[in-house]
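Student: Hi, could we go through this structure together? I'd like to start with the contacts between charges and rings.

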Amino acid sequence: MDAHRRPLMDHTPALLVEGYAWLPDRMRRSTGSVLRTRLLGRPALAVRGPEAVRFFYDESHVHRHGAVPAPVLDTLFGQGAVHTLDGAAHRTRKELFLPLLEADRVARLTDHVTTAWDDAVRTWSGRDRVVLFDEAAHVLTRGVCDWAGLPSRAVDTQTLAADLVAMVDGFATPGPRHLRARRARARQETRMAGLIDEVRAGDLAAPADSVLERVARHHDAEQGPLDPRTAAVELLNVLRPTVAVSWFVAFAAHALHRWPAHRERLRAGDDAFATAFAHEVRRFYPFAPFLGGRTVRELTWHGESVPAGGILLLDVYGQNHDEELWGDPYAFRPERFLERPPGPDELIPQGGGDPADGHRCPGERVTVGLLASLAVRLARLEYTVPEQDLRIPLRRIPTRPRSGFAVTAVRAP
């Protein structure tokens, strides 16, 4: 048998054991930019690099429908989510999100979140110990709910914050974390579907043009109004990614602890540096290991092929640490993004391509804006970092500092 066509061992168990290192390590041992493998019982081709990003996001190559494993849909995205659609259906559904992410709306969301942060900080000084990851999740939940038009009387933000964190924390692992994520999604889909029904029945007033109002009134091109469950899924797909910024807040605290020289420049309110710092946190620290899609037809990349119905993988973590792109990828250096802005197909922690008509996360602007603003506030905060486990295990997906980054003796600026 031709070595090129020889059956490959399925590497799903290795992925579960090795985590973020699984794909970059194998690509390093291969040619460095392409790898044939097998995942979830299917032949797979893994690619990396700006040109590969464009190849991956070409809809004539890859479809998302049927590509996202059910365990990920049942925890992270939700059944019927925009992430599972292609072509015109995807673009129509995405129109629900894009107007919400224009600069003025992002600025209002940032104002809501920073107000919630400032309110929370005033309570931290009286506590023995504050875990920044947990507190950031609560702050982000309060802020995004206010911004989205969810009435405080109808939302338990403490429970919602815990459930949104659980959905992200359990999407890529079997066992208890995954079961918690499933239960959290089921609970919140039921709750949000109830809110949608109340808005449509006129029993709950949603602020005009708010996220809640837009989701409740959205029509898909052919199917008409979203059914309440799908509307709930898409409402959660605004709330959940915002609260996922708590991972990056914990990473930002970790970076300021390891490289405290950056603190003074952030404290000074240098907006350009704050944005560069946010980009570097997103590049340097691990979040999404890779992205995947189902191949529409047989595809060939740099001499390696995958059949129709296989999987095309984009090596996100490996590309964000590619020496050819970044020169010194394992140095935390925000200044690299002051020297030149990141190319859309180079820095891909939230996907590549154009968010307007492709599958790049439309909330990326939100993530950068929130992280830049909260990094400045974090730099201005006085606190002590006690002895704790600050390791970031690469076998855990998604990972974070094991302690959640605890601080004591907090003093508000």
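Tutor: Let us begin with the term itself: a charge sits over a ring if NZ of Lys or CZ of Arg is within 6 Å of the ring centre and within 35 degrees of the ring normal. Please also keep in mind that this is a predicted model.

Student: OK, so which ring does the charged end of Arg 400 sit over?

Tutor: The ring belongs to Phe 133, and the charged end of Arg 400 is 4.1 Å from its centre. Another example is Arg 283, whose charged end sits over the ring of Trp 326 at 5.7 Å from the ring centre.

Student: And rings with other rings, how many aromatic pairs are there?

Tutor: A search of the whole structure gives 17 aromatic pairs. One of them joins Trp 247 and Phe 287, whose ring centres are 6.2 Å apart and whose planes meet at 70°, so this pair counts as edge-to-face.

Student: Where do Trp 247 and Phe 287 lie in the chain?

Tutor: Trp 247 is in helix H12, while Phe 287 is in the loop between helix H14 and strand E7, so the pair ties together parts that are 40 residues apart in sequence.

Student: Are those two buried or exposed?

Tutor: Trp 247 has a relative accessibility of 0% and therefore counts as buried, whereas Phe 287, at 21%, counts as partly exposed. The cut-off matters here, because buried means under 20%.

Student: What do ring pairs link Phe 133 into?

Tutor: Ring pairs link Phe 133 into a cluster that also includes Trp 247, Phe 287, Trp 259 and Phe 332.

Student: Changing topic, how many cavities of 30 Å³ or more turn up?

Tutor: The search of the whole structure finds 1 cavity of that size, and the largest cavity holds about 40 Å³ of space. Phe 287 comes back here, since the residues lining the largest cavity include Phe 287, Arg 282, Tyr 285 and Asn 320. By class, that lining has 7 nonpolar, 1 polar and 1 charged residues.

Student: Last one, helix H18: how far apart are its end C-alpha atoms?

Tutor: They are 25 Å apart, which agrees with the 24 Å that its 17 residues, 364–380, should span at 1.5 Å a residue.

Student: And why is H18 called largely enclosed?

Tutor: Of the 17 residues of H18, 12 are buried, so the helix is largely enclosed by the rest of the structure. Among the buried ones are Glu 364, Val 366, Leu 370 and Ala 379.

Methods. Residues numbered from 1 in each chain as written. Predicted model: local features only at pLDDT ≥ 70, side-chain atom pairs only at ≥ 80, totals over all residues. Heavy atoms only, no water. Helix = DSSP H or I, 4+ residues; strand = E, 2+ residues; numbered from the N terminus. Expected span 1.5 Å × (residues − 1). Buried < 20%, exposed > 50% of the residue type's maximum accessible area, 1.4 Å probe, protein only. 1 Å grid on protein atoms, 1.4 Å probe; cavity = no way out; pocket = protein on both sides within 12 Å on 5 of 7 lines; lining within 4 Å. Points joined across faces, edges and corners; volume = space filled by probe spheres on them. Nonpolar A, V, L, I, M, F, W, Y, C, P; charged D, E, K, R; others polar. Phe/Tyr/Trp six-rings, centres within 6.5 Å; stacked < 30°, edge-to-face > 60°.
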